[in-house]
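Reader: Hi! Could you pick one part of this chain for a close look, and then walk me through the rest with that part in mind? I work at the bench, so plain words would be welcome.

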Amino acid sequence: MPRKPTLSPTRIATYLECAVKYRYIYLDRIGRFYIRARPYYSLGSTLHQVLHVFHQEGGRQSAEQVVRSYEQSWISAGYESAAQEQEYRDAGKEMVISYLDAAKERAVLAIETLYLEKTMSVDMGEFLLSGRLDRVDRHPDGSLEVIDYKSGRWEPTPEEVASDLAMNIYQLILRRQFPQTRVFATIYHLRSGTRASAELSEEEAERFTRDLLELGAQILHRDYQQIEPVRTAACDDCDFRSRCERFWRQQEALDRF
Ligand code: SF4
């Protein structure tokens, strides 16, 4: 029996951004020829790695140990200049140091870390819904908090967490895996040390599940050979732009004849 296809927040978000991009990455598999490293991805990966080790060690690392781990985990890819890399490097170091203080405060509240960088999936019928959860904490009252780290410039609001595709998918997965347990989601903003949370109600979770089933079916059954690139705002920052530009130039040349 063939394996069920898997849809993740990244896959779904890519499709919603541009179906052609989805085809290039997941069906044509040409991403490696186009997708470039970016400073924020490199910094994000470094920070995730450092925080993963910190929690794996039971949150007992000193500031010096965390900074050493940060230096050892540093990913240099994607920076435009040495000055830019240094700027990101300094900002990241501040983030991990202030994270340590916040983690100590949280330890006093007897919150237990249940999972770190955990891939979890649930069967949605036609496909598996899968997500890689940065961290899941269990609170003393039994509730589960899924936490995602963000290192971007903007502080998220509870409304943004509530409308975040990945955070809602993570909640859905945990709700299925832990029925009768309260689940909520938090984005932890590493630059400011602030957090914003949101929780799917029963009704919202049901509606979100229905929407996902519909969207999943659309993603899986779309005829990708028939779709053509269309210019949108997403093209401005897209790694595949040169490929689509070539297509548009060819189309324009054909239209002239
Ligand atoms: S350049 Fe535009 S049309 Fe082409 S893959 Fe990227 S977002 Fe899609």
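Author: Happy to! One definition to start: helices (H or I, at least four residues) and strands (E, at least two) are DSSP runs, numbered from the N terminus. With those names in hand, we can go to the part I picked, which is the loop between β4 (144–150) and α7 (158–162), where G152 is found. Please keep in mind that this is a predicted model.

Is G152 buried or exposed? A residue counts as exposed if 12 or fewer other C-beta atoms lie within 10 Å of its own. G152 has 12 such neighbours, so it is exposed. Compare its place with that of R3: the two are 149 residues apart in sequence, and their C-alpha atoms are 36 Å apart in space.

Now for a glycine in another setting. G216 is found in helix α9, which covers residues 202–221. With 20 or more neighbours a residue counts as buried, and G216 is buried because 21 other C-beta atoms lie within 10 Å. Leaving out residues up to four places away in sequence, G216 touches L7, M124, E126 and F127. S42, by contrast, is 174 residues from G216 along the chain, and 30 Å separate their C-alpha atoms.

Helix α9 also packs with α8, with the two axes 11 Å apart and at an angle of about 105 degrees. That is why α8 and α9 are roughly perpendicular to each other. From α8, the contact is made by N168, L172 and R175, and from α9 by A205, F208 and T209. Sorted by class, this contact has three nonpolar, two polar and one charged residues.

Following α8 (165–177) onwards brings us to another loop, the one between α8 and β5 (183–189), and Q180 has its place there. Like G152, Q180 counts as exposed, here because it has 6 C-beta neighbours inside 10 Å. Its backbone is worth a look too: phi of Q180 is near 65 degrees, a positive value in a residue other than glycine. Most residues other than glycine have a negative phi. Where else can you find a positive phi in a residue that is not a glycine? R29 has one, of about 55 degrees. R29 lies in the loop between α2 and α3 (31–34), and with 10 other C-beta atoms within 10 Å R29 is exposed.

That loop leads us back to α2 and its neighbour α1. The axes of α1 (residues 9–17) and α2 (residues 19–27) come within 5 Å and cross at roughly 135 degrees. This makes α1 oblique to α2. On the α1 side you will see R11, T14, Y15 and E17, which meet A19, K21, Y22, I25 and Y26 in α2. The classes in this contact are five nonpolar, one polar and three charged residues.

Helix α2 appears again at the ligand. C18, V20, K21, P229, V230, A234, C235, C238, F240, R241 and C244 surround the ligand, and the elements that give two or more residues to this shell are α2 and α10 (241–256). By class, the shell holds nine nonpolar residues, no polar ones and two charged ones.

Let's step back to the domains. The chain is divided into domain 1 (28–108), domain 2 (110–222) and domain 3 (226–256). Taken over C-alpha atoms, the centres of domain 1 and domain 2 are separated by 22 Å. Their contact takes 14 residues from domain 1 and 12 residues from domain 2. On the side of domain 1 that touches domain 2, the elements giving two or more residues are α4 (39–56) and α6 (82–108), with the largest share, nine residues, coming from α4. That side divides into seven nonpolar, six polar and one charged residues.

Finally, the whole chain. It has 10 helices and six strands, and its C-alpha atoms fill a box of roughly 70 × 50 × 35 Å, taken along the principal axes. Buried residues, G216 among them, make up 23% of the 257 residues. Of the contacts between residues at least 6 apart in sequence, 69% join residues at least 24 apart.

Terms used: Residues are numbered from 1 along each chain as its sequence is written. This is a predicted model: local features need pLDDT of at least 70, side-chain atom pairs count only at pLDDT 80 or more; totals for chains, interfaces and linings use all residues. Axes are lines fitted to C-alpha atoms, for helices over the stretch in contact, and angles run from 0 to 180 degrees between N-to-C directions. Angles under 35 degrees count as roughly parallel, over 145 as roughly antiparallel, 65 to 115 as roughly perpendicular and the rest as oblique. Two residues are in contact if their C-beta atoms, placed from the backbone, lie within 7 Å. Ala, Val, Leu, Ile, Met, Phe, Trp, Tyr, Cys and Pro count as nonpolar, Asp, Glu, Lys and Arg as charged, and the others, Gly among them, as polar. Domain bounds come from an automatic or database domain assignment. A residue is near a molecule or strand if its C-beta atom, placed from the backbone, lies within 6 Å of it.
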